[in-house]
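Hi,

Here is the structure you asked about, sequence included. Have a look, and then read my notes underneath.

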Amino acid sequence: QNEEWDFVLVSDIHEMGSEKEIKRKNFLEELKRKGFTIKKIEDTKLFYGIRAPQHIFWKYQCLLANPDSRHQNSRTSAQQDVPETTRIWVVHFILQNTVTSDLEKLHDLMKKKVFEAAFPLHKKEKITKILEKKWARWGVLFKEQPIDKIRDYFGEKVALYFAWLGWYTYLLIFAAVAGLATVAAGATVFSSSQVSKEICDANNTIMCPVCDQNCSFWILSDTCTYAKVTHMIDNEATVVFAMFMAIWATVFLELWKRERATVATSWDLYGWDEDKEELALQLIHNPQHTPRRYQHSYFRSTIVLILAVLMIMVLIGIAHALVIYRAVAMALFMQSEVNLLSKHADTIAVMTGAVLHYLTIIIMTKVRRHQGPWALLPFLEKPRTFSQGENNFTVKIFIFQFFTNFSSLIYIAFFLGRINGHPGHYVRIAGHWRLEECHPSGCITDLFIQMAVIMLLKQTISNIMEYLIPWISHQLRKKKKRPKKRSMMLGEEEEAEDPCKEQWLKNYELNEVDVFSLFNEYLEIVIQYSFTTIFVAAFPLAPLLALINNVIEIHMDAIKMMRLRRRMVPKKAKDIGIWLQVLEAIGTLAVIGNGLVIAITSDFIPVQVYKYMYSPCAKQNHTSMDCSTGYINNSLSVFHIRDFEPHTKVQPEFNGVQIKEYRDYRNADDYTYTIQFWHIFAARLAFLILFEHVALFVKLIAAWYIPDVPQKVKNEILGGKHNHLCKKL
């Protein structure tokens, strides 16, 4: 006989008459009183199959019958079978809200170890076969996902996540192509760029030492390759690409809104109301239920704000620690006996700094997973419904993760080399270590290296771990559970095995899922979306990496959900919730971030100012020569060795020579800023304002040009309303 069970509760075998056993009995009695059927199977644990009475679902259908629905022909439709996802969701709600005589809910009983687990079952049905064949395997990487089937098995919330992820991945193709084109355009000027040519030819430009002890002066042409790489990333094409990505982010969101409207309508959920759903479930469970009121307390909000600011301070503190690490590492590598280390000290310091940053990201993510600091928040905020609590949580965790991921990048992009003083008057950490400087060809390569290291590590190591950990723990759980059962069977001949036992055990051995399983998937992709849009001007390959990652991610998540994890409790949803606002915020940050990268980090503006105001072209109207000729010499300032700080050791061979160069716009006699510095400063500000306004204007036009809801959907809803009113008439 194949009985259908909605949920399974698992508990340890407790002693007769113990407190836990009494609590368990009370809870099950309470369920029986509500008309639930309960079936007990004993193995190494106790398994309770739970089936809800039919009248609960009839009530649910009557209360939430949608008058505009396209599926309602006559009264009989109320007696139809409820879809399985709805059954599980209703039963889950009632289980979570059933109160025993000791005023304890299932949640409290699980904390006290009365029950160990509660989960719906993965069923062996036609639909699971289709999903395994068309979705949860590696062979179908580039095929379309069966979104409707996912919805029928995992509910709308999960299906919308995959619909969104698929749509984002599809649109990343265009961004990736644009990024590759930018890099290709950069590669064509790899050796022909005038600025890097000048650096490569500067055989007699002697530069100030990079550290205080042990570092000698160096010749500018030594850094020829570095300059070439910088100009491969930092050229005119980058500006166009940054502009393109700002528009892309908007178009992506606008098109997603259309896609969502189409999907929600086809599922008959366009006008679905979450509050109504929750109230209906509460009334089915307890007819005397009174709804919780909306409330807002400014005092609580203030405390939450203060806590959030403190968290951000801690994260910025971590970014400072990384800055100090790089300054100290640079000094130590420079003094190292190993030739390789001392020669490439700056690059190695940047690389190891990036790896360290990646490690802090992982550690902070682990901290975030622990309920510790976040356990206070629900008490402070008292969210009215579950989804409101989830939204508040989402925003806070996103801000936390955002600062964890970006604080160090923000420093490299906007502060590195701007706050370190000048020779003879360096800014020092604890009066000892000098802050790092930028290379004469600009700071953008540092940002490029940092982004590349973090993205590659996040996508390789983190993804492998994300798949391996559930897989290994699943294998271990299997090993742990099986042998006992075998010995029991050999010892005494049991009567025929219960057909449910095997299936329940198999489901129990899978990894558990919690409320935040889907949340973690979203968070990972949204942080990745920030990397692909915010500093993309410095790392045009980001969309390509994201594209490769997502194609794998979709199927990895599918395999995890189908084979390695217990079944998620299906939930209804008509959109991706608060994540849409988060994505819109990232879109605005992307415009600001890329504008700042081009205005401040990149050498684009100084070169343009030089071309049009200081170059030979501007002075003598030479049209034949390259206008940026002489730029490097112009961007370096002169320094007299006698002005060095006392504890800087000068190598003896340079004692006679008086003049050295460093990258800045300062006067030779009193080291104040030259007029050109202020020209460039003004040009940077002007460019920033212009870029942001143009980009935001284009974003607004794109948002207006692409309607959020397709006409087809609007007409369908209109027709439904019209038919409903006609029937009433």
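**Two helix pairs**

Let me start with helix α3 (residues 84-97) and helix α11 (residues 274-285), which pack at an angle of about 60° with their axes 10 Å apart. This is a predicted model, so local features need pLDDT of at least 70 and side-chain atom pairs count only at pLDDT 80 or more, while totals for chains, interfaces and linings use all residues. Residues are numbered from 1 along each chain as its sequence is written, and side-chain values use heavy atoms, with hydrogens and water left out.

A few words on terms. Helices (H or I, at least four residues) and strands (E, at least two) are DSSP runs, numbered from the N terminus. Axes are lines fitted to C-alpha atoms, for helices over the stretch in contact, and angles run from 0 to 180 degrees between N-to-C directions.

Back to the pair: α3 and α11 are oblique to each other (angles under 35 degrees count as roughly parallel, over 145 as roughly antiparallel, 65 to 115 as roughly perpendicular and the rest as oblique). The crossing of α3 and α11 is right-handed, the near helix being turned clockwise from the far one by less than a right angle (anticlockwise would make a crossing left-handed). On the α3 side, W89, V90, F93, I94 and N97 meet E277, E278, L281, Q282 and H285 of α11; contact here means heavy atoms within 4.5 Å. Sorted by type, the residues of this α3 and α11 contact are 5 nonpolar, 3 polar and 2 charged. For that sorting, Ala, Val, Leu, Ile, Met, Phe, Trp, Tyr, Cys and Pro count as nonpolar, Asp, Glu, Lys and Arg as charged, and the others, Gly among them, as polar.

The other pair is helix α16 (residues 386-414) with helix α19 (residues 517-533): their axes come within 11 Å and cross at roughly 40°. That makes α16 and α19 oblique to each other too, and their crossing is right-handed. From α16, the contact takes in F393, T394, I397, F398, Q401, F402, N405, F406 and L409, and from α19 it takes in F519, L523, V526, I527, S530 and F531. Here the split is 11 nonpolar, 4 polar and no charged.

**Salt bridges**

How many salt bridges does a search of the whole structure find? It finds 29, a salt bridge being a side-chain nitrogen of Lys or Arg within 4 Å of a carboxyl oxygen of Asp or Glu. For each partner below I also give the burial, where buried means under 20% relative accessible area, exposed over 50%, and partly exposed in between (1.4 Å probe, protein chains only).

- K25 and E21 are joined at 3.7 Å, N to O. Both sit in helix α1 (residues 19-33), 4 residues apart, about one turn of the helix. K25 is partly exposed at 46% relative accessibility, whereas E21 is buried at 7%.
- R151 pairs with E156, and their closest N and O atoms are 2.8 Å apart. R151 is partly exposed, at 21% relative accessible area, and E156 is buried, at 5%.
- E521 and K560 meet at 3.2 Å, N to O. E521 lies in helix α19 and K560 in helix α20 (residues 542-564), so this bridge ties together parts that are 39 residues apart in sequence. E521 is buried at 3%, and K560 is buried at 1%.

There is also a network: salt bridges with shared partners join E19, K23, D102, E104 and K112.

**An enclosed helix, and T365**

Have a look at helix α8 (residues 194-201) as well. Of its 8 residues, 6 are buried, so α8 is largely enclosed by the rest of the structure. The buried ones are Q194, V195, S196, E198, I199 and C200, and they pack against α9 (224-233) and α24 (631-635).

T365 belongs to helix α14 (residues 345-369) and is buried, at 15% relative accessibility. Its C-alpha atom is separated by 21 Å from that of I534, and the two residues are 169 apart along the chain.

**The chain as a whole**

The protein chain has 26 helices and 12 strands. Its C-alpha atoms fill a box of roughly 100 × 70 × 55 Å, taken along the principal axes. Of the 729 residues, 50% are buried. Among contacts with a separation of 6 or more, 79% are between residues 24 or more positions apart.

Cheers
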